[in-house]
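Me: I have a structure open and would like a close look at one part of it, followed by whatever else connects to the topic. Could you walk me through it?

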Amino acid sequence: MKIYRYPTKNTWTDLVKRPVLEQKEISGLITEIFTEVEKNGDKALIEFNRKFDKAETVSIKVSDVEIQEAEKQINDELKQAIQQAKENIATFHASQKQEIQKIETTKGVVCWRENRAVERVGIYIPGGTAPLFSTVLMLAVPANLAGCKEIILCTPPDKNGNINPAILYAAKLCGVSEIFKIGGAQAVAAMALGTESIPEVNKIFGPGNQFVVAAKEYAQRYGVAIDMPAGPSEVLVIADEQAVPEFCAADLLSQAEHGSDSQVVFITTDLKVFEETIEAVGQQLRDLPRNEFAGQALENSSFILMNSLEEALEFSNLYAPEHLILAINDFEKYIPEIQNAGSVFLGNYSCESAGDYASGTNHTLPTNAYAKNYSGVSLDSFVKKITFQHLSKEGLQNLGKTIELMAEAEGLFAHKNAVSIRLK
């Protein structure tokens, strides 16, 4: 871990940088994968499973029998936990539905907006070292609430060609249409291009490593939309003198354990909390089953001592974290100062894990400073907003002169004539 005591602002630009792979290396591989999937379809996907995941898959589509078998492997306690999380996520996202409001902008001119669901969505669920069945809930629940007709799920298989049973159970519970055994950039390519088995989708959702993020960006060349760049996980914790070092350490490690490319940042204004949190991280790390991943992530992570909370929030806005935790007194006072963050956790008991699983907010969030210009996944992510307008004869008479003058000033006389011919 990197330790900084009262860094000057001219050093912040370097401190907010994320660990990244060489972009040329990534982009070349992504292009190759898309080309191969476009050319060879399912055959290419089976070969990529073998090459990247050491998995043998005769068929990439998950069968109904496999889904039924998976359900038997999930104990009742976990089923109840998944159900409660699903209900909370549904409650929060359903609250985002908006009533149609018709606005009369000029007498006789009525405008409004209506939502239409994206018809076919693709959701990518990371597997590998941590099968994120919680992400199934985060994406499939709002997709269903929005009214998406088809939900296509892709996730990497294990070496035996199987999908984690909790992912299959959650997918069935949330109404996923079809499930496929394919991960990484090749899964994104398959959903963007379509293969013999996997249908081409309209929009791709889901987090992943740097290769998945690059593939989602590349997929837009084929007319496919994406939710956002959601890459390796990250958290920034701001703590004052009343923070609990053991809690702060646990939150930092909860993100660090995602993988070696995750990043965590700890900022405090209190020397005692600073030293005790660093010590607690070391103690808790030793007891983690995934301590190797967490330990590697900590190598690229920063522990920073600052003069004031105002300075800490200024740094946070520059960093634009995926997750921001305010383990401070009077956190409500500082909420207006937060400009850039994916999701915020307030107070000592709002652990980031709550948002990851079951509080109700969505855990698919912008990373790598994209919180400066992207929002996390919401119900709106799964809909298109179509505007409507109706002009009565009186409405056109009231607005016509304005339109004619503006069209003529732009030199667009056919535009002017579309009004004039009606007014005559």
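Is Phe382 buried or exposed, and which aromatic pair does Phe205 form?

Reply: Happy to take you through it, and please keep in mind that this is a predicted model. Phe382 is buried, since its relative accessible area is 0% and the cut-off for buried is under 20%. Its partner in the pair, Phe205, is buried as well, also with a relative accessible area of 0%.

Now for the pairing. The count of aromatic pairs comes to 10. Among them is the one you asked about: the rings of Phe205 and Phe382 are stacked, with 4.1 Å from centre to centre and 10° between the planes. An angle under 30 degrees is what counts as stacked. This pair links distant parts of the chain, 177 residues apart. Phe205 belongs to strand 7 (residues 203-205), while Phe382 is in the loop between helix 14 (352-357) and strand 14 (383-391).

Another pair to look at is Phe266 with Phe303, which is tilted: the centres are 6.0 Å apart and the planes make an angle of 50°. Because Phe266 lies in strand 10 (residues 263-268) and Phe303 in strand 11 (residues 302-305), the pair ties together parts that are 37 residues apart in sequence. Both Phe266 and Phe303 are buried. There is also an aromatic cluster, made up of Phe34, Tyr218 and Tyr222.

Rings take part in another kind of arrangement here, with charged side chains. Arg18 has its charged end over the ring of Tyr319, 3.6 Å from the ring's centre. Lys102 lies over the face of Trp112, and there the distance to the ring centre is 4.2 Å.

The loop that holds Phe382, between helix 14 and strand 14, is also the place of Asn368. Asn368 is not a glycine, yet its phi is positive, at about 55°. Unlike the buried Phe382, Asn368 counts as partly exposed, because its relative accessibility is 36%. A positive phi turns up at Asp330 too, near 50°, and again the residue is something other than glycine. You will find Asp330 in the loop between strand 12 (323-327) and helix 13 (331-334). With 57% relative accessibility, Asp330 counts as exposed.

For another buried position, turn to Ser316 in helix 12 (residues 309-319). Ser316 counts as buried because its relative accessibility is 1%. Setting aside neighbours within four places in sequence, Ser316 is in contact with Leu236, Ile238, Pro321, Leu324 and Asn340. If you would like a sense of scale, Ser316 and Glu200 are 38 Å apart in space from C-alpha to C-alpha, and 116 residues apart in sequence.

Finally, a word on the cysteines, in case you are planning to look for bonds between them. A disulfide is a covalent bond joining the sulfur atoms of two cysteines. The count of disulfides in this model is 0. Take Cys174: the closest cysteine sulfur to its own is in Cys148, 13 Å away, so the two are too far apart for a bond. Cys174 is buried, with a relative accessible area of 3%. Cys111, on the other hand, is partly exposed, at a relative accessible area of 25%.

Conventions: Residues are numbered from 1 along each chain as its sequence is written. This is a predicted model: local features need pLDDT of at least 70, side-chain atom pairs count only at pLDDT 80 or more; totals for chains, interfaces and linings use all residues. Side-chain values use heavy atoms; hydrogens and water are left out. Helices (H or I, at least four residues) and strands (E, at least two) are DSSP runs, numbered from the N terminus. Buried means under 20% relative accessible area, exposed over 50%, partly exposed in between (1.4 Å probe, protein chains only). Contact means heavy atoms within 4.5 Å. Rings of Phe, Tyr and Trp (its six-membered ring) pair if their centres lie within 6.5 Å; planes under 30 degrees apart count as stacked, over 60 as edge-to-face and the rest as tilted. A charge sits over a ring if NZ of Lys or CZ of Arg is within 6 Å of the ring centre and within 35 degrees of the ring normal. A disulfide is a pair of cysteine sulfur atoms within 2.5 Å.
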